[in-house]
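Dear colleague,

I am passing on the structure below, together with some notes on what was found in it. Please read the notes with the structure open beside them.

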Amino acid sequence: MSDYSPREIEKKWQSAWAKDNVDQVTEDKKKEKYYCLEMFPYPSGKLHMGHVRNYSIGDVFARYKKMRGYNVLHPFGWDSFGLPAENAAIKNNIHPAQWTYKNIDEMRRQMKDMGFGYDWTREVMTCHKDYYKWEQLFFVKMLNKGLAYKKKSTVNWCEDCKTVLANEQVQDGKCWRCGKNITTKEIEQWFFKITNYAQELLDGCDKLPGWPERVLTMQKNWIGRSEGAEVDFAIKGVKDTKLRIYTTRPDTIFGVTFMSIAPEHPLTASLCKGKPQEKEVLAFVDKIRRTSKIERTAEGGVKEGVFTGSYAINPLNNEEIPIYAANFVLMDYGTGAVMAVPGHDTRDFAFAKKYNIPIKVVIKADWMSANPTDAELKDAYVEPGIMVNSLEFNGINSELAISKISDYIESKKLGKKTINYRLKDWGISRQRYWGCPIPVIYCDKCGMVPVPEKDLPVVLPEDAKLTAIGDNPLSKIDSFVNVKCPKCGGMGHRETDTMDTFVESSWYYARYTAPKDEPSGINKEKAAYWLPVDQYIGGIEHAIMHLLYARFFHKVLRDFGYLTGDEPFKNLLTQGMVIKDGHKMSKSLGNTVDPDYIINKYGADTARLFSVFAAPPEKDLDWNDHGVEGCYRFIGRIWRFIDNNSSIWNEMKGISVLSQNVSAANLSPEIKKLRSFTHKTLKKVTSDIDIFGLNTAVAAMMELVNEIYKIDVSKINKDDKKVLKEVTEILVLMLTPFAPHASCELWNELGNDGMAIQHIWPSVDEKAVIEDHKLIVVQINGKVRAKMEIPTGTSEEKVKKIAFADVNVKKFIEGKEIKKVIYVEGKLLSIAVSGS
């Protein structure tokens with residue numbers, strides 16, 4: 001062997017793997033399947049070490065599972081539609097497709113240089129018509145089933161990106177893509193009816209024990225199930241028009257002192273029309289239209305409103321209450337109107353104080369007077385208590401009153417009990433070019449007509465002209481827009497919105513199971529074999545959007561007969577970020593580390609090893625150049641040990657020693673101890689990888705290497721050499737999922753045929769794990785005075801006898817009174833004596 005030359009070795013083995021198609025996989029019902037998947041990337045141009053960490057974690061686990069005998073599916077692809085391609089096209093005067101495919105080629109090269117074991121025959125690109133054709137078919141089926149629909153909606157609008165953003169895509173009032181402030185706008189939008197699956201999505205959270213509790217909690221909170229009542233409030237002086245509210249606290253309905261409605265509520269304009277407040281209200285409405293939903297509902301944000309000049313009538317006590325338009329009320333939650341109870345709601349209390357609105361107490365705490373007033377409140381009282389000022393419900397416990405008042409409301413036909421969800425239907429319309437066209441045609445005669453399946457895909461035209469400002473580019477392409485109606489043959493026009501890119505990422509995991517399947521897009525038999533994904537890996541930032549949408553889409557495709565099972569991902573690992581210079585590694589921050597630099601200097605195996613060793617997978621990793629060098633030196637130490645002892649491997653060539661039954665009789669004590677340590681390490685590394693303790697697995701291997709280097713190989717006998725080869729083979733095989741190139745080379749250097757990556761995972765010799773001797777530490781008055789190798793199973797009395805016979809122990813207890821002796825079996829003998 002020559003010196004460790006990673007690039008030369010890595011290219012050699014990558015070529016060998018490709019030649020033998022070692023990473024390709026097909027269904028095999030004789031083997032237990034394992035589907036390992038990392039979230040696919042947007043092809044932004046080049047990988048950085050943040051990407052490498054994610055894919056290294058997945059690759060280690062996939063390779064390990066292959067060595068454990070599983071039939072492993074480990075595919076890869078590209079989430080290749082999206083706004084960045086448009087922005088790059090405008091900036092660089094290049095077509096988005098050209099920019100995207102060029103980036104894919106470059107990033108694929110980098111992925112292969114890293115030695116990731118993907119089945120590249122299953123590669124998907126979501127911007128290719130062979131992929132989005134099926135997405136359009138799913139859309140048409142959803143449209144026909146009422147799961148896709150169009151309506152006018154107030155949306156978050158990014159003026160810079162010229163597109164709609166879902167609530168989840170707004171971060172701190174800014175666009176998650178460009179970082180600019182968001183406004184609101186009312187336009188026609190396409191929606192997926194995810195609310196039809198709200199309860200099933202919620203219930204499913206309790207059937208995912210392999211998911212982090214944090215993610216499940218985030219999803220449950222986002223779905224936000226609540227039980228309450230809808231109540232109709234009449235409007236003073238207006239016939240046949242009622243203001244419907246939803247409340248989870250009907251026990252407080254007698255304490256309503258004002259109503260809050262969304263500024264965009266359809267009644268807002270009529271409520272103030274012709275009144276002195278009209279001008280002020282309309283100005284307020286216009287102001288709120290320029291404010292994002294996130295800003296309006298942000299905790300700690302300014303709560304403001306304006307009196308409309310109209311009053312509502314409380315149906316339970318006939319009191320007149322003023323109606324305010326308030327910035328914190330949204331049309332798409334509940335009914336767009338809220339009954340305000342400042343005595344028992346913190347937000348309403350602050351609002352009432354700000355606008356000098358009366359506050360009424362209807363739930364009495366023990367510390368309040370018999371007839372409490374707002375003068376006794378420093379803030380809203382939100383705990384349970386006894387009902388007061390509530391007519392026939394006085395004296396009832398407030399928690400009991402919730403159901404009693406709900407029943408009363410329903411019996412009097414004043415409203416109804418209902419279940420509400422915070423989750424709203426998924427707005428999928430995007431006013432941009434580089435996305436999946438929505439397969440709908442509008443005809444003056446036939447109305448809205450879905451594109452027939454035989455005419456799919458609706459191909460994204462390549463002659464779009466992208467500019468920094470203006471309308472959706474598709475709307476300006478006559479050859480795309482103007483089309484015959486598939487029903488009547490008359491002229492119509494196409495939908496020019498494209499789909500949210502989260503639609504593509506909601507079903508790609510299923511497409512991987514048969515990416516070349518043409519009849520249906522998803523091969524049901526193959527999908528049933530591979531799904532669900534056994535291990536899914538990606539960032540916590542996708543806890544709500546992608547993961548929730550994928551769960552919804554899976555259920556829809558199940559109901560359409562494409563898939564079986566209720567959930568797409570059995571286990572989920574949310575890996576931490578890579579941090580450099582105190583910030584997340586990101587191209588936008590200019591703090592990325594190019595994997596090509598690391599590969600060329602240290603090798604791909606070093607890059608992979610550092611990515612999983614420097615921190616637990618679920619924690620953030622602080623980039624450290626010294627840590628990279630340390631991993632390079634570690635591989636080098638193994639390399640040198642095997643190289644320096646080539647004569648031993650040559651002597652053992654052709655002799656299979658792995659997991660042999662070794663007779664301890666002829667082994668030296670050092671080698672017996674090393675073998676025991678090796679099998680303990682193997683047991684730990686195996687259990688650590690099983691629970692994604694990849695960093696501790698690498699640390700255990702490093703300890704083993706230290707133990708191996710303690711052996712004086714010039715003094716060992718032939719049986720010792722056999723064990724030394726066994727130990728070294730186990731080390732190399734444990735290293736294989738982490739550093740596959742070096743491991744394959746070292747495996748052959750040890751005199752073995754084949755590839756280490758195709759070898760079975762070594763078995764633990766449980767007999768070797770059980771030590772035949774234990775190291776007992778002897779302390780006298782807390783100080784270590786002796787260390788003794790004692791046969792395992794030696795009785796306590798015999799251990800004491802041996803210890804008291806030790807020369808050094810005798811020296812420190814001679815002439816002193818022994819006050820106490822404590823024995824911790826197999827570890828410690830503590831002796832307390834008089835004097836110092």
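Two strands pair if DSSP finds at least two bridges between them, strands being DSSP runs of E with at least two residues and helices runs of H or I with at least four, numbered from the N terminus. This is a predicted model, in which local features need pLDDT of at least 70 and side-chain atom pairs count only at pLDDT 80 or more, while totals for chains, interfaces and linings use all residues. Residues are numbered from 1 along each chain as its sequence is written, and side-chain values use heavy atoms, with hydrogens and water left out.

In the open, mixed sheet of four strands, the order is 32-31-34-33. Strand 32 (783-791) and strand 33 (818-824) are at the edges with a single partner strand each, so one side of each has no neighbour in the sheet. Strand 31 (residues 773-780) runs parallel to strand 34 (residues 828-833) and is joined to it by four bridges, with Q779 standing opposite S830 in strand 34.

In helix 17 (residues 595-602), the buried residues (under 20% relative accessible area, 1.4 Å probe, protein chains only) are P595, D596, I598, I599 and Y602. Seen down the helix axis, these fall within an arc of 165° (taken from the directions from the axis to the C-beta atoms), so they line one face of helix 17. At its start, a side-chain oxygen of D594 comes to within 2.9 Å of the backbone nitrogen of D596, and just after helix 17, G603 has a positive phi of about 100°.

Best regards

Terms used. Buried < 20%, exposed > 50% of the residue type's maximum accessible area, 1.4 Å probe, protein only. Polar contact = N/O pair within 3.5 Å; in protein donor to acceptor, adjacent residues only side chain to side chain.
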